[in-house]
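Here is a short tour of one protein chain, written for someone who likes to check the atoms as they read. Have the viewer open and follow along from the inside outwards.

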Amino acid sequence: MTSRLVTVLEHITPTQNGDDATLAALKTRLILDSLRAQFIVAPRRLREMCSFMLHEMTIGLRPTQDGVPASTLRMLPSYVYKRDAGNANGIYYALDLGGTNFRVIRMLVRGGRMVQSLSEKFTIPKSEMSGDADSLFGFIARSVRQFMVNKDVQGDNDVQNNQTKALPLGFTFSFPVKQTGISSGELISWTKGFTAKGVEGHDVVKLLQHAFQKQGVNMNVVALCNDTVGTLITRYFDDATTEMGVILGTGSNACYWEKARNITKDADIVAFAQRHDSADGHTSEMVINMEFGNFDSTHVSVLPRTQFDDAIDQASPNRGAQRFEKMISGMYLGEISRQVLLYLASMGVLPASFGSSDRLAKAYSFHSKDNGLISADRTPGLMDTRQLLEEHYGVRVEDERARYIVREVCTLVIHRAAQLSGMAIAATLLKTGRQDNATVAVDGSVFEKTPGFRAVMQRTIQGLVGRGGADVRLTLTRDGSGFGAAFIAALASQGA
Ligand code: GLC
């Protein structure tokens with residue numbers, strides 16, 4: 001909001017008589033209009049963002065150059081090359097670690113199709129998240145052993161040719177990792193509350209392999225991947241027109257197929273392309289993990305930042321980073337709304353009960369899930385919203401108009417997130433030139449559970465890529481992050 005408008009609004013302090021009621025209504029209207037102008041992203045602004053993202057993608061694939069600012073997108077090579085998936089056969093394991101829970105998966109693949117799967121979720125104790133590498137990876141290795149006992153599949157390790165067979169395992173590790181090959185990569189920095197020492201700057205595959213050895217678990221970690229990559233590959237095994245993998249959940253990110261010859265920052269990848277690309281049209285492609293959560297974080301020059309986004313960023317442990325993620329992810333959507341609601345209460349637009357709620361006073365207390373529920377409330381007089389605010393946050397909202405304002409705030413925050421997510425997908429598809437016929441595999445609670453989110457994304461994509469955007473299929477790919485690692489293990493271990 002402009003400071004001039006804020007000054008004007010601060011001078012409008014209505015009391016109770018008739019004239020003042022008009023003033024109060026005027027103030028409310030001005031403030032709400034200003035919020036709408038900030039949160040509804042205009043088509044021209046979306047086009048600017050889209051062009052800038054294309055630029056950042058292109059720069060991020062090249063070697064860094066003196067005098068050229070580094071891209072805000074990491075554009076990390078995954079070392080997963082596009083191959084025919086149909087040859088994959090056998091039993092593959094996967095480990096999916098991206099938050100406080102991790103999953104162990106066992107998958108049976110025949111002719112490139114998953115014919116059976118078993119899985120189990122384990123919760124990582126806080127002590128292991130903040131301990132050291134040995135205790136964290138030791139816990140994971142013990143859980144894998146436990147899984148094999150629980151599911152009665154120790155026989156997978158059957159002796160073959162006098163040797164116990166090491167089982168191929170794919171490892172989804174959803175943190176920023178600098179990969180150096182399909183089965184090696186160093187953690188750049190921990191996110192999502194993890195602080196275990198001795199992992200940053202180390203090869204996480206080696207740490208896991210070492211833990212397996214110590215615990216007597218006979219697994220061979222043949223592939224390492226990000227959750228977006230797992231999601232893309234899971235859908236790709238079913239649908240060869242899958243161009244992108246996207247996560248819109250607690251965190252947000254995307255990956256896509258890029259021509260290997262364009263990844264000029266890695267000479268080995270370019271050399272691979274030179275060996276395999278052929279005059280008859282075969283072009284090698286590799287999945288690139290964009291890490292788009294960090295888009296435009298250096299100068300925030302095109303993102304539609306508001307005072308609320310700045311406040312969240314300032315109070316966050318990773319200040320100045322992941323500015324895009326902080327506008328679109330489940331971790332932050334509720335918090336953006338909470339900040340707006342408290343602001344509206346401080347301006348007299350919402351009842352004082354918002355400002356005096358102990359529960360709402362705490363940062364991150366307003367859940368993104370409730371944000372979604374309120375935005376979708378269609379009950380007469382918004383009675384569901386009334387009940388939810390009272391039960392979850394101890395805020396009584398007797399005034400029906402105030403409830404409609406709360407619903408509008410939640411809707412605006414979600415709408416902007418969906419527009420920005422759609423913009424990022426449009427930019428990526430425009431980069432690949434495949435915007436006319438593409439499947440986009442999407443996973444994550446924000447996409448799956450927020451009413452209306454997909455429709456706004458779809459409209460935004462269409463607005464940016466033109467008529468072809470109608471053939472962009474946003475497809476929910478649940479649990480793709482884990483299954484994908486097993487599929488990637490299948491590709492990697494069989495050279496399929
Ligand atoms: C964060 C991580 C990224 C991951 C995303 C979704 O943005 O940096 O690697 O893909 O969360 O889980």
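F354 is a good place to start: leaving aside residues up to four places away in sequence, F354 touches L341, L342, A345, L360, L389, V395, V397 and V406. Keep in mind that this is a predicted model. F354 belongs to the largest nonpolar core, which has 88 residues, and the members that touch the most others there are M53, F324, L344 and F354. The element that gives the most to this core is α16, with 17 residues. A second core, separate from that one, has 39 residues, among them I124, M129, L169 and V217.

How does the chain look as a whole? Its secondary structure comes to 19 helices and 15 strands. The radius of gyration is 25 Å, close to the 23 Å that the globule rule gives for 496 residues, so the chain is as compact as a globular protein of that length. Along the principal axes, the C-alpha atoms fill a box of roughly 90 × 50 × 45 Å. Of the 496 residues, 54% count as buried. Among contacts with a separation of 6 or more, 70% are between residues 24 or more positions apart. The accessible surface comes to about 21,500 Å², and 49% of that belongs to carbon and sulfur atoms.

Helix α14 shows how one element is covered by others. Which residues of helix α14 are buried? In this helix, which spans residues 368-375, they are D370, N371, G372, I374 and S375. The cover over these buried residues includes α11 (330-346), α15 (383-393) and α16 (400-432). So α16 turns up twice in this picture, as part of the cover of α14 and as a contributor of 17 residues to the largest core.

Now to the charged side chains. Side chains of opposite charge can pair when their charged atoms come close. How many salt bridges does the structure hold? There are 21 salt bridges, and three of the pairs are set out here.

| Pair | Closest N to O | Separation in sequence |
|---|---|---|
| R261 and D277 | 3.5 Å | 16 residues |
| R434 and E285 | 3.1 Å | 149 residues |
| R478 and E448 | 2.7 Å | 30 residues |

Take R261 and D277, which form a salt bridge with closest N and O atoms 3.5 Å apart. This pair links distant parts of the chain, with R261 in the loop between β12 (252-259) and α8 (267-276) and D277 in the loop between α8 and β13 (285-289). R261 is partly exposed, at a relative accessible area of 42%.

In the next pair, the side chains of R434 and E285 meet at 3.1 Å, N to O. R434 sits in the loop between α16 and β14 (438-443), while E285 is in strand β13, so this salt bridge ties together parts that are 149 residues apart in sequence. Is E285 buried or exposed? With 8% relative accessibility, E285 counts as buried, because the cut-off for buried is under 20%. R434, with a relative accessible area of 26%, is partly exposed.

The pair of R478 and E448 has its N and O atoms at 2.7 Å. R478 lies in the loop between β15 (472-476) and α19 (480-494), and E448 in helix α17 (residues 445-449). R478 is exposed, with a relative accessible area of 52%, whereas E448 counts as partly exposed at 30%. Beyond such pairs, R305, D310, D313, R323 and K326 are linked in a network of salt bridges.

The surface has nonpolar ground as well. L23, L26 and L30 make a nonpolar patch of about 200 Å². L30 is placed in helix α2 (residues 18-39) and is partly exposed, with a relative accessible area of 30%.

Two backbone angles round off the tour. D152 has phi near 55 degrees, a positive value in a residue other than glycine. D152 is in the loop between α5 (133-150) and β5 (159-160), and at 64% relative accessibility D152 counts as exposed. V300 also has a positive phi, near 45 degrees. The loop between β13 and α9 (307-315) holds V300, and V300 counts as buried at 9% relative accessibility.

How values were computed. Residues are numbered from 1 along each chain as its sequence is written. This is a predicted model: local features need pLDDT of at least 70, side-chain atom pairs count only at pLDDT 80 or more; totals for chains, interfaces and linings use all residues. Side-chain values use heavy atoms; hydrogens and water are left out. Buried means under 20% relative accessible area, exposed over 50%, partly exposed in between (1.4 Å probe, protein chains only). Helices (H or I, at least four residues) and strands (E, at least two) are DSSP runs, numbered from the N terminus. Contact means heavy atoms within 4.5 Å. A salt bridge is a side-chain nitrogen of Lys or Arg within 4 Å of a carboxyl oxygen of Asp or Glu. Patches are made of residues with over 30% relative accessible area and no salt bridge: like charges are joined within 9 Å, nonpolar side chains (Val, Leu, Ile, Met, Phe, Trp, Tyr) within 5 Å. Accessible areas come from the Shrake-Rupley method with a 1.4 Å probe; for residues, only the protein chains shown count as cover. The radius of gyration is taken over C-alpha atoms; the globule rule is 2.2 Å times the number of residues to the power 0.38. A nonpolar core is a set of buried Ala, Val, Leu, Ile, Met, Phe, Trp, Tyr and Cys residues joined through side-chain atoms within 4.5 Å.
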